[in-house]
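Subject: Handover of a structure

Dear colleague,

Please find below the structure that I am handing over to you. My notes on its strands and charged side chains follow.

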Amino acid sequence: MTTPIAKLKHYYESFDQMSFDCLDQIYAEDVVFVDPLHRIKGLETLKAYFKESCSNVTYCRFIFTEEITSERSTCLKWRMEYSHSAIKNNARLELVGTSIVQFSEGKVTSHEDFYDMGSMLYEHIPLLGGAIRMIKSRMIKAA
């Protein structure tokens, strides 16, 4: 039997295929999904969120680098490779993050992502990106 985490990892390893119909095989009907920008409740709302947020994504896949699992939850460390038509001329970018996933009865009931929004988006915006990188550099030097 395939575990809920195995299903989730398989799905995100080829996320650029952007098939949202199979999400009901992974996530529970009342799933709670949280990322740095959103808190979403319900499978249909999650499908709509993925469809909208991925509309200009031209490439996306996750490489899982570490997994810690207990009886009903898993912590996944990952690296996302992605390209977005509105960011850096569709260049291939990387983002490192972690997900805490809870599951019950073979489906994911809670999925919370942690990552640096600056690294994902803000640093790639002209002018704003330069200012953020300068601030980070100064903070590193001051530490």
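Two strands are taken to pair if DSSP finds at least two bridges between them. The model is a predicted one, and in it 8 bridges join strand 5 to strand 6 (residues 107-115), the two running antiparallel.

Strand pairing

Strand 5 and strand 6 form a hairpin with 2 residues between them. In the turn, glutamate 105 has a positive phi of about 50°. Phenylalanine 103 has valine 108 in strand 6 as its bridge partner. Strand 5 is also joined to strand 4 (residues 73-84), by 10 bridges, and this pair runs antiparallel. Here threonine 74 has valine 101 in strand 5 as its bridge partner.

The faces of strand 5

In a regular strand the side chains alternate between the two faces of the sheet. Strand 5 (residues 93-104) shows such an alternation. Leu93, Leu95, Gly97, Ser99, Val101 and Phe103 point to one face and are buried. Glu94, Val96, Thr98, Ile100, Gln102 and Ser104 point to the other face and are not buried.

Salt bridges

Side chains of opposite charge can pair when their charged atoms come close. The structure holds 5 salt bridges, including the three described here.

Glutamate 94 meets arginine 79 in a salt bridge, at 3.6 Å from N to O. Because glutamate 94 lies in strand 5 and arginine 79 in strand 4, the pair ties together parts that are 15 residues apart in sequence. Salt bridges with shared partners join Arg61, Arg79, Glu81 and Glu94 into one network.

Within this network, the side chains of arginine 79 and glutamate 81 meet at 3.4 Å, N to O. Arginine 79 counts as partly exposed, at 25% relative accessibility, whereas glutamate 81 is buried, with a relative accessible area of 10%.

Lysine 47 forms a salt bridge with glutamate 44, and the closest N and O atoms are 3.5 Å apart. Lysine 47 and glutamate 44 are 3 residues apart in helix 2 (residues 43-53), so about one helical turn separates them. Lysine 47 is buried, with a relative accessible area of 13%.

Surface charge

Which residues gather in a patch of negative charge on the surface? They are Asp21, Asp24, Glu29 and Asp30. Of these, aspartate 30 lies in strand 1 (residues 27-34). Aspartate 30 is partly exposed, with a relative accessible area of 48%, so it passes the patch cut-off of over 30% relative accessible area.

With kind regards

How values were computed. Residues numbered from 1 in each chain as written. Predicted model: local features only at pLDDT ≥ 70, side-chain atom pairs only at ≥ 80, totals over all residues. Heavy atoms only, no water. Buried < 20%, exposed > 50% of the residue type's maximum accessible area, 1.4 Å probe, protein only. Helix = DSSP H or I, 4+ residues; strand = E, 2+ residues; numbered from the N terminus. Patch = residues over 30% accessible without salt bridge, like charges linked within 9 Å, V, L, I, M, F, W, Y side chains within 5 Å. Areas by Shrake-Rupley, 256 points an atom, 1.4 Å probe, with all protein chains shown as cover. Salt bridge = Lys/Arg side-chain N within 4 Å of Asp/Glu carboxyl O. Lys, Arg positive; Asp, Glu negative; His and termini not counted. Charge placed at Lys NZ, Arg CZ, Asp CG, Glu CD.
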